Amino acid sequence: MDREMLKKTAFFQGLSDEELETALAFFDARESAYEKGDTIKPIHTPFTRFALVLQGRVQVYTDDLDGNQMMMAHVEKGGMFGESLSYLKQEEAVYALAVTPCRILWLHPGNIRLLQPKTPLESLLIHRFIQNLAGRALSMNDRIQILSRLTLEEKLKAFLSLYQKRHGMEFTLPFSRTELAAYLGANRSALSRALSQMQKKGLISLDGRRITLHSPMDS
């Protein structure tokens, strides 16, 4: 386990070596490795632990009523998933897949549930867990803002608007076409048509995953 990398993550940032070891024991931390394409968390199995991605990229999915795959989250190195479901001991029809070879640090929320910190470090860890949940709620609000749009082009504009605010007028999309379609709740063919129409209108230019916005996207 790469302790120095852990101390650079938002969750464990600023901890001394001794504090980090205490924190890992507090969460009964366990590391696992996965190959590209592996199912990290199968559908209809509970999240008994939440995950911190140490290496690679993970995507969390659910299926809609018609059996179409919908992406719930895209998680990169240093990011986390499964916090809410593991804390609530709740089973949902979600599953997580390794987009690349991954290393995952699995953390148990049992001591968090007690909400009775015995030390300042435990108070800090509980605070960061709650802070992470709040950030996840804001992220889901962004997702709702995207999916509430009526047309696929409007959804794309809302999605690109978020990335424009974070990365400027030119950036690399984090998804393939298939993955982006799953994120937007569309099929790949419809997504390709919508992107082509946006290029014909002069709104964007695409070079693989690299995208240039020629005017600010309406959010």
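## Helix α7 against α5

Helix axes that meet at 65 to 115 degrees count as roughly perpendicular. In this predicted model, α5 and α7 pack at an angle of about 90°. The two helices are therefore roughly perpendicular to each other. Their axes lie 10 Å apart.

From α5, the contact uses R143, I146 and L147. From α7, it uses A182, Y183 and L184. Five of the residues in this contact are nonpolar and one is charged. None is polar.

## Helix α7 against α8

Helix α7 covers residues 177-184, and helix α8 covers residues 188-200. Their axes come within 9 Å and cross at roughly 100°. That angle falls in the range of 65 to 115 degrees, so α7 and α8 are also roughly perpendicular to each other.

On the α7 side, the contact is made by R177, T178, L180, A181 and L184. On the α8 side, R188, L191, S192 and L195 take part. This contact divides into five nonpolar, two polar and two charged residues. L184 of α7 appears in the contact with α8 and in the contact with α5.

## The two sides of α2

Which residues of α2 are buried? In this helix, residues 17-26, they are L20, A23, L24 and F26. Seen down the helix axis, the buried residues fall within an arc of 155°, so they line one face of α2. A general rule about helices is useful here. An α-helix has 3.6 residues a turn, so residues three or four places apart point the same way.

The other side of α2 carries exposed residues: D17, E18 and A25. The cover over the buried residues includes two helices that precede and follow in the numbering, α1 (3-6) and α4 (110-114). Strand β8 (102-107) and helix α5 (120-147) are also part of that cover. Helix α5 thus appears here as well as in the contact with α7. Just after α2, D28 takes a positive phi of about 45°.

## T62 in strand β4

T62 lies in strand β4, which spans residues 58-63. Is T62 buried or exposed? Its relative accessibility is 17%, so T62 counts as buried. The cut-off for buried is under 20%.

The side chain of T62 has a polar atom 2.7 Å from the backbone oxygen of A93. A93 is also one of the residues in contact with T62, leaving aside neighbours within four places in sequence. The others are N68, Q69, M70, M72, V94 and Y95.

Terms used. Residues are numbered from 1 along each chain as its sequence is written. This is a predicted model: local features need pLDDT of at least 70, side-chain atom pairs count only at pLDDT 80 or more; totals for chains, interfaces and linings use all residues. Side-chain values use heavy atoms; hydrogens and water are left out. Axes are lines fitted to C-alpha atoms, for helices over the stretch in contact, and angles run from 0 to 180 degrees between N-to-C directions. Helices (H or I, at least four residues) and strands (E, at least two) are DSSP runs, numbered from the N terminus. Angles under 35 degrees count as roughly parallel, over 145 as roughly antiparallel, 65 to 115 as roughly perpendicular and the rest as oblique. Contact means heavy atoms within 4.5 Å. Ala, Val, Leu, Ile, Met, Phe, Trp, Tyr, Cys and Pro count as nonpolar, Asp, Glu, Lys and Arg as charged, and the others, Gly among them, as polar. Buried means under 20% relative accessible area, exposed over 50%, partly exposed in between (1.4 Å probe, protein chains only). A polar contact is a pair of N or O atoms within 3.5 Å; within protein, one must be able to donate a hydrogen and the other to accept it, and residues adjacent in sequence count only if both atoms are side-chain atoms. The arc is that of the directions from the helix axis to the C-beta atoms.
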